[in-house]
Amino acid sequence: MLFTEDSRFEGIEKFDNKCWLSSPTMHGDEKHWVDDAILTNWVSTIGENINEVEKEMASIIGVKYAVALSCGTAALHLAAKLAGEKLYGQPKADSGYLSGKKVFCSDMTFDASVNPVAYENGEAVFIDSERDTWNMDPDSLEKAFEIYPDVKLIVLAHLYGTPCKMESIRRIADEHGALIIEDAAESLGAKYLLNGEWVETGNLGNYNCISFNGNKIITGSSGGMFLTNSKEDADKVRKWSTQSRENAPWYQHEELGHNYRMSNIVAGVVRGQMPYLNEHIAQKKAIYERYKKGFADLPVSMNPYDAVNSEPNFWLSCLIIDKDAMAQQTRTGLTYTYKTENGKSTPSEILDALAAFNAEGRPIWKPMHMQPIYKSHPFVSANGEDVGADIFERGLCLPSDNKMTPEQQDKVIEIVHRCFR
Ligand SMILES: Cc1ncc(COP(=O)(O)O)c(C=O)c1O
């Protein structure tokens, strides 16, 4: 039966304009800086917009250097190369910087976090999530070091803008002499209280990456950045990102390079967005709080965070259904089925209901160890259960667009309520 004809949803009208998961929010300043690039003819990968966003972002995050790149994935890839070079030296011409090496990776993240390990011929070992933040579980990480004591690199992501348990993870990394690649693509503006000091995500690893993808808290239409306190690393990333050209009168290449530099047009959009970062965070936080209140009488809870030691950027609001309020749901291959049961629901039903009324939600990012591409890779969990699979089974991402009005959000909240009827 169509949701719009289902008596449980009687009286609810479809949204005229789609209620998005997280869409770009332009303010007008972007046009000024893009026009400036066009009018001055600086439209390629050199220009004032690039210089300014690098300077300002370094200052916001509290790092010495920022290198503007074409996307967050490019930043993660060059971070993987830097880490590989530092740990294992230059690779042979026909192999990658992580060739034959295992790397401990966040399991519940977008695959762009971990693909760079494969680009450099490394092997990702997936570390289960914990329930307090849905991020890399320190206990599982410890267990992974017991099983694979030679591992020297960790790739972690702050899922949905919620910081990981960095104090424990940093301690474990230090005990094992391991380096950390920090994927802060989703968490720009989030902070963590490390050893009594508030530190921005993007300044918590040895190699740090952010993204300006269209769905992120601020966007350049695309784009990303590598952040560091090491001049040597910044210079190397800048060089690798511009095809590894040597300082010679002709094209001279001594290392493999990439075309990963940000354009001055994209940087113009980022430059126009940066003054609005805090405003977007405040809007996203208000959306999270409104959902929390609106769902107080349902058998669900919101994506959790450590309110003492962290300040998320609340990029995406998510919910997880209590175990005993889950109706039957089956996901196989590329399809799914579910049953409608009184007083119960499933992420699939809620997502279908939202879609029927023109609102966009999304399943929780499917854990990497469940992805066909990575199914042969090791997965380590200290929990005696697969936490990531459970969160994927019972959770979903809610419409979290910062332009969503309270009235629109009330309707989303009402639709979710009706799913439990
Ligand atoms: C956790 C995470 N890592 C990396 C990326 C990749 O960033 P980009 O799309 O800028 O390449 C994304 C999102 O796109 C992401 O969500």
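**Figure 1. Strands β2 and β4 side by side in a predicted model.** Here β2 (residues 102–106) and β4 (residues 153–157) run parallel, joined by two bridges. To find your place, look for Phe104, which stands opposite Ile154 in β4. Strands of a sheet pair through backbone hydrogen bonds, either parallel or antiparallel. Now step back a little: these strands belong to an open sheet of eight, in the order β1-β9-β8-β5-β4-β2-β3-β16. The pairing in this sheet is mixed. At the edges sit β1 and β16 (379–380), and each of them pairs on one side only.

**Figure 2. An open sheet of three strands.** The order this time is β7-β6-β11, and the pairing is antiparallel. The edge strands, β7 (197–200) and β11 (310–311), each pair on one side only. Between β6 (residues 191–194) and β7 there are four bridges. A handy spot to check is Lys191, with Glu200 of β7 standing opposite.

**Figure 3. Helix α7, with a buried face and an exposed side.** Which residues of α7 (residues 231–241) are buried? They are Asp233, Ala234, Lys236, Val237, Trp240 and Ser241. Look down the helix axis and these buried residues fall within an arc of 165°, so they line one face of α7. An α-helix has 3.6 residues a turn, so residues three or four places apart point the same way. Flip to the other side of α7 and you meet Lys231 and Glu232, both exposed. The cover over the buried residues includes β1 (65–69), α3 (72–88) and β9 (224–228). Just after the helix, Gln243 takes a positive phi of about 65°.

**Figure 4. The ligand and its surroundings.** How many residues surround the ligand? There are 14, and the closest are Cys71, Gly72, Thr73, Ala112 and Ser211. Sorted by class, this shell has five nonpolar, seven polar and two charged residues.

**Figure 5. Where domain 1 meets domain 2.** According to the domain assignment, domain 1 takes in 3–24 + 277–419, while domain 2 covers 29–275. Their C-alpha centres lie 28 Å apart. Into the contact go 38 residues from domain 1 and 43 residues from domain 2. On the domain 1 side, the elements giving two or more residues are α9 (277–294), β11, β16 and α11 (387–394). The largest share there, four residues, comes from α9. By class, the residues on this side of domain 1 split into 21 nonpolar, 13 polar and four charged.

Notes:
Residues numbered from 1 in each chain as written. Predicted model: local features only at pLDDT ≥ 70, side-chain atom pairs only at ≥ 80, totals over all residues. Buried ≥ 20, exposed ≤ 12 C-beta atoms within 10 Å, placed from the backbone. Arc of directions from axis to C-beta. Contact = placed C-beta atoms within 7 Å. Pairing = 2+ DSSP bridges. Near = placed C-beta within 6 Å. Nonpolar A, V, L, I, M, F, W, Y, C, P; charged D, E, K, R; others polar. Domains from an automatic or database assignment.
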